[in-house]
Amino acid sequence: MQLKLDPDRFEELQALFIGEVIDKVRIKLAEAGLEGLKLEEITGSIAFSLASTIDDTSDIEVGGVEVHPYITFRDGDDNLLHSGENSYTYDFVRGALKDRFDV
């Protein structure tokens, strides 16, 4: 596999990715009985927390080992798409929440 710099496609894919994460969280919380504004608030809180971890904006250190995620997306079988910097999925959380909860 080769790393391929494609910021525009990367941006599109990370927006789709965080939307899917939000859908999965929302479904599980709804299955647990949450609904309405509480469902929206907790889904958003979890999504922002996950996004900050994925984007390497929260310190992760386990047993003296620092962890720094760097997200890429597969494009076919031969390429890993990246943006040239850390992801910024947190930028898409608000819009994805709005799309899913504003009727």
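In this predicted model, strand 4 and strand 5, the latter made of residues 79-82, pair in the antiparallel sense, and three bridges hold the pairing. Two of the residue partnerships between these strands can be named: Arg74 has Leu80 of strand 5 as its bridge partner, while Asp75 is bridged to Asn79, again in strand 5. Strand 4 and strand 5 form a hairpin with three residues between the strands, and in this hairpin Gly76 takes a positive phi near 75°.

Strand 5 is also joined to strand 1, but here the two strands run parallel, and the number of bridges is four. Asn79, already named as the partner of Asp75, is the residue in strand 5 that stands opposite Gln2. Taken together, the three strands form an open sheet in the order 1-5-4, with mixed pairing. Strand 1 (2-5) and strand 4 (73-75) each have a single partner strand and stand at the edges, so one side of each is left without a neighbour in the sheet. From one strand to the next, the twist averages 40°.

The sheet can next be placed within the chain as a whole. The protein chain contains three helices and five strands, and these elements follow one another along the sequence in the pattern β-α-α-β-β-β-β-α. Taken along the principal axes, the box filled by the C-alpha atoms of the protein chain is roughly 45 × 35 × 20 Å.

Helix 1, which spans residues 7-31, lies across strand 1, strand 4 and strand 5, and its direction makes an angle of about 85° with strand 5. Side-chain contacts add detail to this picture. A pair of aromatic rings is described by the distance of the centres and the angle of the planes. The structure holds three aromatic pairs, and one of them is formed by Phe17 and Phe73 in an edge-to-face arrangement, with 6.0 Å from centre to centre and 65° between the planes. This pair links distant parts of the chain, since Phe17 belongs to helix 1 and Phe73 to strand 4, and the two residues are 56 residues apart.

Charged side chains also meet, and the count of salt bridges comes to six. Among them is the contact between Arg26 and Asp23, in which the distance from N to O is 3.2 Å. Both residues lie in helix 1, and because they are three residues apart there, Arg26 and Asp23 are separated by about one helical turn.

Beyond the sheet and helix 1, two further local features deserve a description. The first concerns the backbone of Asp56, which has a positive phi of about 65° although this residue is not a glycine. Asp56 is placed in the loop that runs between helix 2 (36-54) and strand 2 (61-62). The second concerns the surface, where Val62, Val65 and Val67 form a nonpolar patch whose accessible area is about 250 Å² for the three residues together. Of these valines, Val65 lies in strand 3, which consists of residues 65-66.

Conventions:
Residues are numbered from 1 along each chain as its sequence is written. This is a predicted model: local features need pLDDT of at least 70, side-chain atom pairs count only at pLDDT 80 or more; totals for chains, interfaces and linings use all residues. Side-chain values use heavy atoms; hydrogens and water are left out. Patches are made of residues with over 30% relative accessible area and no salt bridge: like charges are joined within 9 Å, nonpolar side chains (Val, Leu, Ile, Met, Phe, Trp, Tyr) within 5 Å. Accessible areas come from the Shrake-Rupley method with a 1.4 Å probe; for residues, only the protein chains shown count as cover. A salt bridge is a side-chain nitrogen of Lys or Arg within 4 Å of a carboxyl oxygen of Asp or Glu. Two strands pair if DSSP finds at least two bridges between them. Axes are lines fitted to C-alpha atoms, for helices over the stretch in contact, and angles run from 0 to 180 degrees between N-to-C directions. Contact means heavy atoms within 4.5 Å. Rings of Phe, Tyr and Trp (its six-membered ring) pair if their centres lie within 6.5 Å; planes under 30 degrees apart count as stacked, over 60 as edge-to-face and the rest as tilted.
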